[in-house]
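Reader: I would like a close look at a single part of this protein, set against the rest of the chain. Please take the one part before the whole.

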Amino acid sequence: MKVGASPADPAAAHSVLTDGSEVIVPLGGLVDLAKECGKLRGELDQLETQLQTLSKRLQNEGFVSRAPATVVESERKKEEEWIKRREQLATKVKALCGG
C-alpha cells in the first residue's frame, strides 16, 4: 500500500521498519527544511568532533593500559554507538538536505 511521497522525495522523512515496511512522511510545508538541515549538520559536526576525541583516547596506549578494563570497554561501546549514530545522521542529511 502506498500513501504519500516516494522515498526519492527529498522533502520527506523515510524509515524502514523491522518488518520491512516503509514509512514516508512528506515534510514540505510542515518543516523549515533549511533550518532542519542546519540543525542536523551541526549535530553531525559535533558528533564527529566528539568521536575523534574518543577515538584518540582509545588509541592512546597510556589510557588503555592504565584505565580500569570496565572504563575502556565502556568507552569502546560508546565509540561503536557514536559511529552508528554518525552513519544515521549522515544518511538523514544526505536524504533531507542533498549531501
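Reader: Is E79 buried or exposed, and which side chain of opposite charge is nearest to E79?

Author: The model is predicted, so local features need pLDDT of at least 70 and side-chain atom pairs count only at pLDDT 80 or more, while totals for chains, interfaces and linings use all residues. Residues are numbered from 1 along each chain as its sequence is written, and side-chain values use heavy atoms, with hydrogens and water left out.

E79 is buried and has no salt bridge. Buried means under 20% relative accessible area, exposed means over 50%, and partly exposed lies in between (1.4 Å probe, protein chains only). A salt bridge is a side-chain nitrogen of Lys or Arg within 4 Å of a carboxyl oxygen of Asp or Glu. The nearest side chain of opposite charge to E79 is R76, 6.0 Å away; Lys and Arg count as positive, Asp and Glu as negative, and His and the chain ends are not counted.

E79 sits in helix α3, residues 69-97. Helices (H or I, at least four residues) and strands (E, at least two) are DSSP runs, numbered from the N terminus. Apart from neighbours within four places in sequence, E79 is in contact (heavy atoms within 4.5 Å) with L51, L54, S55 and L58. Two of these, L54 and L58, belong to a nonpolar core of 5 residues that also includes F63 and A67. A nonpolar core is a set of buried Ala, Val, Leu, Ile, Met, Phe, Trp, Tyr and Cys residues joined through side-chain atoms within 4.5 Å.

That core is separate from the largest one, whose 7 residues are C37, L40, L44, L47, L89, V93 and L96. Helices α1 (33-59) and α3 are the elements that give two or more residues to the largest core, and α1 supplies the largest share, 4 residues. From this core, L89 touches L40, E43, L44 and L47, neighbours within four places in sequence left aside.

C37 is also one half of a disulfide with C97, the sulfur atoms being 2.1 Å apart; the cut-off for such a pair is 2.5 Å between cysteine sulfur atoms. C37 lies in helix α1 and C97 in helix α3, 60 residues apart. The link is left-handed, with -105° about the S-S bond. C37 counts as buried because its relative accessibility is 8%.

Other charged side chains do pair up, and the count of salt bridges is 5. One of them joins E43 and R85 at 2.8 Å, N to O, linking helix α1 to helix α3 across 42 residues. Both partners are partly exposed, E43 at 29% and R85 at 29%. E48 and R86 form another, with their closest N and O atoms 3.2 Å apart. E48 lies in helix α1 and R86 in helix α3, so this pair ties together parts that are 38 residues apart in sequence.

E75, like E79, is a buried glutamate, with 9% relative accessibility, but E75 has a salt bridge to R57 at 2.5 Å, N to O. E75 is in helix α3 and R57 in helix α1, so the pair joins parts 18 residues apart in sequence. R57 counts as partly exposed, at 34% relative accessibility. K78 is linked with R57 and E75 in a network of salt bridges.

As for the whole, the protein has 3 helices and 2 strands, in the order β-β-α-α-α along the sequence. Buried residues make up 22% of its 99 residues.
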